[in-house]
Amino acid sequence: MHKHSLFSMFSKRLITAFTAAFTAAFTATFSATKKHRYYLQSTVLSFMLSMLYLSTAQAAEYKVETLDNGLTIITANVSYTPLLMLKVQFDAGAKTETKETDGLTHLLEHLFMKGNGLAPNEVAYRKRERQLGIISNATTGRDYVDYHFIFPAMFLEETSELAAASVFSLALDPQEIKDEIRVVNDEFNRYALKPSFASNNVLNHLVYGNKYYGVTPLGMTKKYILEANRDKLKKLTDSIMAPANTRIYLVGNVDHDNAVKVIDKYFGHWKAPEGWQKPPYVEFPDFPSTSKRMNFSHPRQTEAVANIRFDAFKVSENPEDSYVADVFSTLLSHKGTPFYQKYIKTGEIYDGYMYYLTTSVAPYINMGIAAQANKIDQAIENMFNEAKEWAKPDYFTQTQLDEVKLKLSVEFKVKADDFLDLEGHLSYFTAAADINYYAGYLKGMQSVTLEDLSRYIQKYVIDKPHTMVVLYNAEKAKELKVNLDGDAYFAKHLKAHLEYSLDNK
């Protein structure tokens, strides 16, 4: 069992009060000149950062326990609330799908809270939820598929029983499957209406080839969703639903020992299907070694948008660079940086950003630019040129870096004080790496230096192969005589698969 402690609420309030008093005192003393105000800001900022760091090397208290059958239980006590959130999370998602099960994990997610041995159909299931005051939902991502309940803490036992029923006796009723196929199909169709639909799919196809089903929870094609049946979904549940492939999170007003006892009562006798093996992750091809750009159009697109994807690293193998990536992404939006002053403030571009996708599979760094259609080419060129400047030691200042780290520290701690945000952080980070990644995130992020930022940009961005898609307004693209090679690529290689219907059978 691992335990990580946060300062007491009293300590946090003391730090907050002391910081406020410190700021007020020095403001009164040094308010006379601009130079003094600058020293004040720097001093207060350094003081606040040190107090935040001293307050905790971790983000929140949690405990981890593993049952004899391999099931992992993670609890975090947030005593101010009378509520609990219970999440059952499987180490699965798009990353464990094959071409033949493409999109089926998301369909299965829709069936977790339908009929089972405790409640024979959805009507009975929802009635039981109302009796217990439960709010429920389910989600699917690259790294996970889960279902969760928010409920009064007094109903932990009853809710655990209901959660277990979906594991042991999911009905997979043919009519409910048929109904949810329609719902998931409609969800896919709504996604297809977005201007970025074709460009996103082509971008994935260019990078991952025909294996990009492993990065798209909705599915690369509707074919396997529309042809799903009970036998296929039962085979999927037998693959991903096993104790050693499952984590249960309990966050809120929870006593760890009692929670483990209750979960053990309802899940402890759970055994994996005979011959079960952990489902393998999709093996993706290497990132393209040459750069490529494609252009797209859509009548509802407004400004031109470029998305540029670079190869990256798995967070589980290189957590240190993920801290640098998060700091850099926030620093780029800092209003005091040369980038913001030269391009955003002047209106040269509408937006410019860069982020790292925290994931266990197929990670990437994305650079985004939004500008007027007739300025997008110049904006892209400027962005690449500016990236070379980012790596120079004097581009960003230590004060800007400290301000960003303070901002991220506060945001992280705010999430740690809200039981729903805390659960979201715990489960997302654990699915992408492991629970230790969450435990070390705050300290790792606070240790980032200017030298780290320079190294990061040189290692992953400057002069590195990339795949780019640029999306234009259809009329503007015609006016500018843009070569819409991306639209042609989509029509040739992907359109028929993505528009598949049962009529194609």
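Let me begin with Ala-304, whose bridge partner in strand β11 is Ala-371. I should say at once that the model we are looking at is predicted. Ala-304 and Ala-371 belong to a longer pairing: strand β9, residues 304–311, and strand β11, residues 364–371, run antiparallel and are joined by eight bridges. Further along these two strands, Arg-309 of β9 stands opposite Asn-366 of β11.

Strand β9 has another partner as well. With strand β12, residues 466–473, β9 pairs over six bridges, again in the antiparallel sense. Here Phe-310 stands opposite His-466 of β12. How much of β9 is buried? Seven of the eight residues in this strand are buried, so that β9 is mostly covered.

Let us now place these strands in their sheet. It is an open sheet of five strands, in the order β8-β12-β9-β11-β10, and its pairing is mixed. Which strands stand at the edges? They are β8, residues 292–298, and β10, residues 351–356. Each of the two has a single partner strand, and therefore one side of each is left without a neighbour in the sheet. From one strand to the next, the twist averages 15°. A helix also packs on this sheet: α17, residues 450–460, touches β9, β10 and β11. The direction of α17 makes about 90° with that of β10.

I turn next to a second region, helix α4, which spans residues 122–132. Which of its residues are buried? Tyr-125, Glu-129 and Leu-132 are buried in this helix. These three lie on the same side of α4, because they cover an arc of only 70° around the axis. As a general point, an α-helix has 3.6 residues a turn, so residues three or four places apart point the same way.

What covers the buried residues of α4? The covering elements include strand β5 at 135–140, strand β6 at 145–152 and helix α5 at 156–168. On the face turned away from the buried side, α4 carries the exposed residues Val-123 and Arg-130.

Finally, please look at the two ends of this helix. At the start of α4, Asn-121 extends a side-chain oxygen to within 3.2 Å of the backbone nitrogen of Val-123. Val-123 thus appears twice in this account, as an exposed residue and as the residue whose backbone nitrogen Asn-121 approaches. Just after α4 comes Gly-133, which takes a positive phi of about 70°.

Key: Residues are numbered from 1 along each chain as its sequence is written. This is a predicted model: local features need pLDDT of at least 70, side-chain atom pairs count only at pLDDT 80 or more; totals for chains, interfaces and linings use all residues. Side-chain values use heavy atoms; hydrogens and water are left out. Buried means under 20% relative accessible area, exposed over 50%, partly exposed in between (1.4 Å probe, protein chains only). Helices (H or I, at least four residues) and strands (E, at least two) are DSSP runs, numbered from the N terminus. Two strands pair if DSSP finds at least two bridges between them. The arc is that of the directions from the helix axis to the C-beta atoms. Contact means heavy atoms within 4.5 Å. A polar contact is a pair of N or O atoms within 3.5 Å; within protein, one must be able to donate a hydrogen and the other to accept it, and residues adjacent in sequence count only if both atoms are side-chain atoms. Axes are lines fitted to C-alpha atoms, for helices over the stretch in contact, and angles run from 0 to 180 degrees between N-to-C directions.
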